[in-house]
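Trainee: I am new to this structure. Can we go through it step by step?

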Amino acid sequence: MDTAATMYADPPRTMERVSRRDIFTSLPARIQWLHSFLEFGTDDVQALISGQKYIKAVIPAIVNIVYKKLLKYDITARVFTTRDSRDEGPVESWPTEDSAQIEHRKMFLRWYLTKLNSDCTRMDYWEYLDKVGLMHIGKGRQNPLHVDYVFLGACLGFIQDSLFEAILSHPRLELHRKIAIVKALGKVIWIQNDLVEKWHNTDGAEYAQEEEADTLLGEIAEDEREGYLHGKKILGDHDGSSIFTSRTGSSKSSDSGKTSLGRPIEEATHLGDGMSRCPFSGMARSGPNPADLERQRATSTRSPRVNGTAPDVLQHAEGKPRAESVRS
Ligand code: HEM
């Protein structure tokens with residue numbers, strides 16, 4: 001019998017140490033590691049800041065097409081009545097795009113997208129994204145909601161596609177800026193996806209007792225009003241003009257053969273065909289026309305590397321962004 005002790009090696013000094021326990025018990029640790037892995041850094045923050053006005057302009061249109069999409073399928077539409085995508089029983093009434101209930105939901109999606117388009121160097125930004133994941137699994141509310149992950153992931157993918165399309169089809173933004181904005185947005189949306197998906201799987205279940213999420217849950221239970229985090233109103237407290245947008249932005253349908261923003265796919269494969277369909281046309285003069293926004297589309301583009309570092313961009317308590325590179 002071999003009694004020799006097994007020799008273990010420490011990871012090489014060049015290898016970063018990551019605690020699995022931390023990832024599953026601490027939201028900041030999870031976010032920090034995702035930032036590091038995705039190389040989400042100051043370049044991305046800058047790109048998002050520079051892209052804010054363009055994203056803000058397309059939010060009303062995106063809200064409309066997302067709800068058009070969710071109400072196109074019975075399996076997603078019924079959730080607005082049943083509050084549970086696992087419930088396949090008969091439905092008394094089906095929501096419509098212009099029902100008061102859906103108008104109300106649209107307002108929250110506008111607020112959510114406005115929040116997504118805000119200062120991502122603050123921890124409460126990521127906490128809110130986490131809360132959005134949590135609220136769709138039947139926790140943190142007196143009147144629970146359960147949406148299976150497949151619908152949430154698809155919805156996020158659709159939001160990402162629409163945002164990318166809008167940015168990439170901008171007629172005057174330089175390509176390198178489009179690339180930077182799309183790269184940064186993609187990272188944020190993938191982190192949002194993680195913060196949705198993590199509530200649906202059992203990874204790290206052995207740490208459940210220690211999870212900070214317990215604290216978060218408790219706080220949500222204390223104050224479960226929509227748009228609140230830790231008892232503070234974090235949605236809809238600014239930028240009201242963009243939040244309470246009129247319904248003039250109702251979209252063209254996303255029939256087959258059209259892009260997610262309603263533009264025929266054939267057209268969409270030709271860039272540079274003038275300003276007439278520009279989602280941002282007239283923005284400087286009179287603000288964007290959401291109906292135009294919904295007819296837009298761009299082709300995809302190859303993305304050269306524009307971001308060489310992966311700093312921790314979360315703000316310190318004093319409010320200063322930490323920007324130390326974790327890569328050599
Ligand atoms: C992944 C993309 C999604 C995002 C970002 C999102 C976001 C939100 C937000 C921000 C709220 C309310 C916010 C608050 O309390 O502050 C909400 C509530 C709700 N969501 Fe979602 N949602 C998504 C996908 C879905 C899908 C796919 C469905 C249904 C198929 C759905 C159904 C609902 C319902 C029914 C509520 C109402 C909850 C209530 O009345 O208490 N969501 N969602």
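Trainee: Among contacts in the chain with a separation of 6 or more, what share comes from residues 24 or more positions apart?

Mentor: First, this is a predicted model: local features need pLDDT of at least 70, side-chain atom pairs count only at pLDDT 80 or more, and totals for chains, interfaces and linings use all residues. Residues are numbered from 1 along each chain as its sequence is written. Two residues are in contact if their C-beta atoms, placed from the backbone, lie within 7 Å. Of the contacts with a separation of 6 or more, the share from residues 24 or more positions apart is 73%.

Trainee: Which helix gives the most to the largest nonpolar core?

Mentor: Such a core is a set of buried Ala, Val, Leu, Ile, Met, Phe, Trp, Tyr and Cys residues joined through C-beta atoms within 7 Å. Buried means 20 or more other C-beta atoms within 10 Å of a residue's own. This core has 42 residues, and I62 and I167 touch the most other members. With 13 residues, the top contributor is α3, a helix being a DSSP run of H or I, at least four residues, numbered from the N terminus; so the name is α3.

Trainee: How are α7 and α9 oriented to each other?

Mentor: Their axes (lines fitted to C-alpha atoms over the stretch in contact, with angles from 0 to 180 degrees between N-to-C directions) lie 7 Å apart, at about 40 degrees. Angles under 35 degrees count as roughly parallel, over 145 as roughly antiparallel, 65 to 115 as roughly perpendicular and the rest as oblique. α7 and α9 are therefore oblique.

Trainee: Which residues of α7 make the contact with α9?

Mentor: On the α9 side are I191, Q192, L195 and V196. On the α7 side are L129, D130 and G133.

Terms used: Buried ≥ 20, exposed ≤ 12 C-beta atoms within 10 Å, placed from the backbone. Helix = DSSP H or I, 4+ residues; strand = E, 2+ residues; numbered from the N terminus.
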